[in-house]
Amino acid sequence: MTQMTARRTTPAALLTRVRDRSPGLASGLLGGALAAGLGLAAFAVLVILLWISSPYPDSGPGGALHIAAALWLLAHGAELVRADTLSGVPAPVGVPPLLLLALPVWLLHRAARDAAEGGAGRGGQAPLVPGRTAWAGVLLGYLAVGAPAALYCAGGGLRPAWETAVVCVPLVAALAAGAGVWTAYGRPSGPLERVLGAVLPRGARHLVLGPDGRPGVAARAAAAGAAVLAGGGALLLVVSLGWHAGETRQAFPRLTEGWSGWVAVLLLCVTLAPNAAVWAAAYALGPGFLLGAGTRVTPLFSPSAPPLPPFPLLAAVPDTGAGTAPNWAAAALPVTAGLVVGRFVGRGAARSGPAPAPAWTRGRTAGAAVLAAVLCAAPLSALAALAGGPLGVAALSRFGPVWWQVGAAALAWLALVAVPTALTVRAWRRRPPAGEAGDRLPEAGAPHPRRGVVNRLLRPGSSRDRRDGRNLVDRFPGAGPARGRRGPERRLPGIGSPRDRRLPGPGTPRNHRLPEEAKPAPPVRGGPVPPLPRDDPDEPHPLHRTRAPAPGRWDWDMPFGVRDAVTAPGEEGPTSAARE
C-alpha cells in the first residue's frame, strides 16, 4: 500500500513528462489558444463599439457578444442561420466577407511560426521544434477556444450551421498553421516537390517549381494572371460605383439613420469589397453572377432582379436590359490577363537558363501556357466559391458567381489568348538583331547558323569572292571547304576574337600574317577545370551544353571568342564571363 502511494504520479509530473517527450507542444497550444482569443476579442471590440454608438440598440451586451462570435465563425467560411425571421422559417446566411478572413489566417500563421521557431526565433541557439508537434499544438489550442465560442454562439439570433462549422474552422486553422510552420523552416521546396510529383507529370514539374525551389515559369505566369484578374475586378467595381454614384450615395440614408449606422454600413461594405471584386471579375469573364435563384447578370443581358435591400455595393449592378458597348468592354480584362500570362511564358521559353541555352520548342511553350492557365483558373474558382453563398430561402438561396463556370471561363479565355501570345513573344525574342543574324539562339538539334555563313564564305563563287575577284581558297591556301574533317591546319586566320573576325581586304597578299595581338593567347595552366553545370535529369530539354569540344577541332556551337580559349584537360577553362 505504501509503495503504491509512493509511486502515484501527480498531475504536475504528468505535464512535465509530456513536455519533455514533446518539446514545443505547450508553446503551440498556448499560441493557438492566444490566436483564437485575439481574433474573438477583435470582433467583440468592433461589435461592442458599434452597439454602444447605436442610438436604438435592440439587444444588450450579451446579444453583441453573440453577434461577435457569429462573425468570427462566418469569417472562417461557416454558414449561419438566422432564426428570428418574419416568416418564422430559419434563413441561412452564407456569404463570408473575404476581408475578415485575413485576421484569423494572419494570427494562426504567426502563432505557428513562433511555435516552430521556439528559442531560435528570439536569437537563441535552440533547435527548431518538430514541425508536426508545433502544427498539432497550434491546431488543438485554436480549436480548444473555437469550440466553446461556437457553442456560445448557438444560443443567439445567428446560430452556426454545424455541418459547415465543423469543417471550415478546422480546415482554415490547419492550412494557416501549416503555412506558418513551413515559413519557420525556411520555406523548403521538398514538401511541394512531393505534392507535385504525385499530381503532375515529370516534364511539367519544373514549370511549377524550379530546380532552385523558386516558382517556375508557369507558376509565375499564373500568379501574374490572377493578380490582373483580381485588380481588374476591383477597378471594374470602382468604375461601376462611380457610374452609379447617385444610387450609391442614396443607399446610406435609405438603409439606416445616424452617423453610427452609416459607419456600420460603410464597414460592412469595406469587408465585402473583395467579394464584389471577385463578382466583377466573374462578370468580365462571361458567366457573371447570380442575384437570386434564376437571375443571372452577364455582359450580354441583365434581367430584373428580385426586390433587394438598398445596399451600396448592389448599386454597382448593371442596369436591366441588353448589354451595351460599356458592358462588352469588360471583356478587355480577361484578354489583358491572357496577354500577361503569354508574355511571362514567352519570355521563359526564349531563354530557359542563365547561360546561352536552346529555346523551348513550340509544343513545350504552348503546353506551359496551358498549364499556367490551369494554375490561374484554380484559385479563381476557389475565390468564386468563397465569395458567394445563400442569403435566405427560395429566391435568395444563391448569391454570387458559380465557381465551376468561372473556372471554365477563365481557363478558356487564358488558354486561347496566352498560347498564341507566348509563341509570338518566343519568336520575337529569338529574332536575330539587325546585322547580327548569327547571334540567334539555336533550337535543340538545329545546326548552328554560323556554320552556314562560313560555308558560304568558303564556297567559291560567293558574293564576297565575286567582289574580290577570287575565292577564299585561293586567298588562304590553308583554308579549305567546310566539309569533312577539319583539322588545325584549316583554321581561318584572325577568327579567334570578335575584333579579329574581319577577313583581309582585296589588297592583302596571300602570305598575310596575323599581327601579334591577334594571335590567341597561350593557355594559362592552373588548377583542375571546374565542372560544367549539369542539367536536371527530369528536365526534358537541356539547359546547358555539357559537351566539350574535341582538341584540334572546330566547335561551331560555341562563340568564336570562347573556342580559342578552351584549354586541354587539366588546364583552367574559360570563365563564365568569357562565355557571356
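Of the 580 residues of this protein, 39% count as buried. The model is a predicted one, and the exercises below walk through some of its details. Open the structure and work along.

**Exercise 1. Get an overview. How many helices and strands does the protein have, and what percentage of contacts between residues at least 6 apart in sequence join residues at least 24 apart?**

Solution.
- Step 1: Go through the secondary structure. There are 21 helices and 8 strands in the protein.
- Step 2: Turn to the contacts. Taking those between residues at least 6 apart in sequence, 68% join residues at least 24 apart.

**Exercise 2. Find Gly 137. Which helix holds it, is it buried or exposed, and which residues does it touch beyond four places in sequence?**

Solution.
- Step 1: Locate the residue. Gly 137 belongs to helix H6, which covers residues 131-153.
- Step 2: Check its accessibility. The relative accessibility of Gly 137 is 0%, and buried means under 20%, so Gly 137 counts as buried.
- Step 3: List its contacts. Setting aside residues up to four places away in sequence, Gly 137 touches Leu 25, Gly 28 and Leu 29.
- Step 4: Try a distance as well. From the C-alpha atom of Gly 137 to that of Ala 112 is 8.5 Å, with their positions 25 residues apart along the chain.

**Exercise 3. Do the same for Ala 222. Where does it sit, and what is it in contact with beyond four places in sequence?**

Solution.
- Step 1: Ala 222 is placed in helix H10 (residues 217-243).
- Step 2: With a relative accessible area of 5%, Ala 222 is buried.
- Step 3: Leaving out neighbours within four places in sequence, Ala 222 is in contact with Ala 372, Leu 375 and Cys 376.
- Step 4: Look at Pro 379 too. Ala 222 and Pro 379 are 157 residues apart in sequence, while their C-alpha atoms are 9.6 Å apart in space.

**Exercise 4. Trace the sheet that contains S1. What is the order of its strands, and which strands stand at the edges?**

Solution.
- Step 1: Read off the order. This is an open sheet of 3 strands, S2-S1-S3, with antiparallel pairing.
- Step 2: Find the edges. Strand S2 (91-93) and strand S3 (158-160) each have a single partner strand, so one side of each is left without a neighbour in the sheet.
- Step 3: Consider the twist. Neighbouring strands of this sheet are turned by 35° against each other on average, direction ignored.
- Step 4: Zoom in on one pair. Strand S1 (residues 80-82) is joined to S3 in the antiparallel sense over 3 bridges, and Leu 80 has Pro 160 in S3 as its bridge partner.

**Exercise 5. Move to the sheet that contains S4. What is its strand order, and which helix lies across it?**

Solution.
- Step 1: The order is S5-S4-S8, in an open sheet of 3 strands with antiparallel pairing.
- Step 2: At the edges are strand S5 (296-297) and strand S8 (399-400), each pairing on one side only.
- Step 3: Strand S4 (residues 289-291) pairs with S5 in the antiparallel sense over 2 bridges, and Phe 289 is opposite Val 297 in S5.
- Step 4: Helix H12 (residues 258-285) lies across S4, S5 and S8, and runs at about 115° to S4.

**Exercise 6. Look at the aromatic rings. How many aromatic pairs does the structure hold, and why is the pair of Tyr 283 and Phe 289 called tilted?**

Solution.
- Step 1: The structure holds 3 aromatic pairs.
- Step 2: The ring centres of Tyr 283 and Phe 289 are 6.3 Å apart and their planes stand at 45°, so this pair is tilted. The label follows because planes under 30 degrees apart count as stacked and those over 60 as edge-to-face.
- Step 3: Tyr 283 counts as buried at 8% relative accessibility, and Phe 289 is buried at 6%.
- Step 4: Widen the view. Trp 279, Tyr 283 and Phe 289 are linked by ring pairs into a cluster.

**Exercise 7. Finish with the charged residues. Which residues form the salt bridge, and what sign does the phi of Arg 187 have?**

Solution.
- Step 1: The structure holds 1 salt bridge. Arg 113 forms it with Asp 114, and their closest N and O atoms are 3.8 Å apart.
- Step 2: Both partners are partly exposed, Arg 113 at 24% and Asp 114 at 37%.
- Step 3: Arg 187 lies in the loop between helix H7 (162-184) and helix H8 (190-199). Its phi is positive, about 50°, although Arg 187 is not a glycine.

Conventions: Residues numbered from 1 in each chain as written. Predicted model: local features only at pLDDT ≥ 70, side-chain atom pairs only at ≥ 80, totals over all residues. Heavy atoms only, no water. Phe/Tyr/Trp six-rings, centres within 6.5 Å; stacked < 30°, edge-to-face > 60°. Buried < 20%, exposed > 50% of the residue type's maximum accessible area, 1.4 Å probe, protein only. Pairing = 2+ DSSP bridges. Helix = DSSP H or I, 4+ residues; strand = E, 2+ residues; numbered from the N terminus. Contact = heavy atoms within 4.5 Å. Axes fitted to C-alpha atoms, helices over the stretch in contact; angles between N-to-C directions. Salt bridge = Lys/Arg side-chain N within 4 Å of Asp/Glu carboxyl O.
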